[in-house]
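Student: I've got a model open and I'd like to talk through its salt bridges, a hairpin and a surface patch. Can we go one question at a time?

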Amino acid sequence: MPFPKKNLNANETIALDMHPHWWYFAEPAWSLLGSIILGIIVLAKTDTGTTGRKVLGTISLILLVGTAIWLVIRYMKWLTTNFVITSNRLIFRQGIIGKSGIEIPLERVNNVNFHQTVFERILGAGDLLIESGGEDGQQRFTDIRHPAQVQNLIHAQMEGHFQLRAGYVNAPTGDITEQLQRLEGLLQRGTLTQEEFDIQKTRLLS
């Protein structure tokens, strides 16, 4: 499921919206495969009609159903987990029924690091560690697709965001009314301070 556009602020655009890497399914998928193999072995190696076979068969069936349910739940979590980069912030949302999320404004991001093992590098997966000026300090996001490329994209969005703040009126926009509306939107979201807004508005009107 894509990130709902209704949750975006005015004039905010999405640069990246993705679900976790498919390696996110590794544990339940391997468990389901193991339970299937175990069930086949039980059926092939035990005598028909014996009590032991019935007991082992019941256990195998329970394992098979349990791991299948685990895989379905993991898929639902994958479907409702979004890592989003916008023109203003980083957003992480997850949850099937209850929702939880993290939002980091781009101006508060201090550093972005990624980590990949050799195996993860082959798969194209990895972790992102984002240091910010907020209360949480550091946030680790796992099972990110191509984390090096995502790191570069975050830096590019940060640079564009800061350039927009530093010289907003020089950006290629429409008429003065439209530019004023965008400035007001930045002020309402807290991207611009009142002093910065007044300066940019004076420059624009002059």
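**Salt bridges, hairpin and patch**

Tutor: Sure, and let's start with a network of salt bridges that links Glu-12, Arg-89, Arg-93 and Glu-103. Keep in mind that this is a predicted model.

Student: How many salt bridges does the structure hold?

Tutor: The network joins Glu-12, Arg-89, Arg-93 and Glu-103. For the structure, the salt bridge count is five.

Student: Take Arg-89 and Glu-12: how many residues apart in sequence are the parts that this pair ties together?

Tutor: The two side chains meet in a salt bridge, at 2.8 Å from N to O. Arg-89 sits in strand E3 and Glu-12 in the segment before strand E1 (14-18), so the parts tied together are separated in sequence by 77 residues.

Student: Are Arg-89 and Glu-12 buried or exposed?

Tutor: The cut-off for buried is under 20% relative accessible area. Arg-89 has 9%, so that one falls below the cut-off. The call for both Arg-89 and Glu-12 is buried.

Student: Which strand holds Glu-103, the residue that pairs with Arg-89?

Tutor: Arg-89 and Glu-103 meet through their side chains in a salt bridge of 2.7 Å, N to O. This pair links distant parts of the chain, 14 residues apart, with Arg-89 in strand E3 and Glu-103 in strand E4.

Student: What is the N to O distance between Glu-103 and Arg-93?

Tutor: Glu-103 is partly exposed, with a relative accessible area of 40%, and Arg-93 is partly exposed as well, at 25%. They form a salt bridge, and their closest N and O atoms are apart by 2.6 Å. Here Glu-103 in strand E4 is linked to Arg-93 in strand E3, and the sequence separation is 10 residues.

Student: Now the strands themselves. In which sense do E3 and E4 pair, and over how many bridges?

Tutor: E3 covers residues 89-94 and E4 covers residues 100-105. Arg-89 stands opposite Pro-105 in E4. The pairing sense is antiparallel, and the number of bridges is six.

Student: Which residue takes a positive phi in the hairpin of E3 and E4?

Tutor: That hairpin has five residues between the strands. The positive phi, near 130°, belongs to Gly-95.

Student: What about Thr-81: which backbone oxygen does the side chain reach?

Tutor: Thr-81 is in the loop between H2 and strand E2 (82-86), and at 5% relative accessibility it counts as buried. Leaving out residues up to four places away in sequence, Thr-81 touches Met-18, His-19, Pro-20, Phe-92, Arg-93 and Gln-94. At 2.6 Å, the Thr-81 side chain reaches the backbone oxygen of Lys-77.

Student: On to the surface. Which helix supplies the largest share of the nonpolar patch?

Tutor: The patch has an area of about 1100 Å², and its residues include Ile-36, Ile-40, Leu-61, Tyr-75 and Ile-97. Helix H1 (26-45) and helix H2 (51-79) each give at least two residues. The largest share, eight residues, is from H2.

Student: Ile-73 is one of the patch residues. Why does Ile-73 count as partly exposed?

Tutor: Ile-73 is found in helix H2. Partly exposed is the class between under 20% and over 50% relative accessible area. Ile-73 gets that label because its relative accessibility is 39%.

Conventions: Residues are numbered from 1 along each chain as its sequence is written. This is a predicted model: local features need pLDDT of at least 70, side-chain atom pairs count only at pLDDT 80 or more; totals for chains, interfaces and linings use all residues. Side-chain values use heavy atoms; hydrogens and water are left out. Patches are made of residues with over 30% relative accessible area and no salt bridge: like charges are joined within 9 Å, nonpolar side chains (Val, Leu, Ile, Met, Phe, Trp, Tyr) within 5 Å. Accessible areas come from the Shrake-Rupley method with a 1.4 Å probe; for residues, only the protein chains shown count as cover. A salt bridge is a side-chain nitrogen of Lys or Arg within 4 Å of a carboxyl oxygen of Asp or Glu. Helices (H or I, at least four residues) and strands (E, at least two) are DSSP runs, numbered from the N terminus. Buried means under 20% relative accessible area, exposed over 50%, partly exposed in between (1.4 Å probe, protein chains only). Two strands pair if DSSP finds at least two bridges between them. A polar contact is a pair of N or O atoms within 3.5 Å; within protein, one must be able to donate a hydrogen and the other to accept it, and residues adjacent in sequence count only if both atoms are side-chain atoms. Contact means heavy atoms within 4.5 Å.
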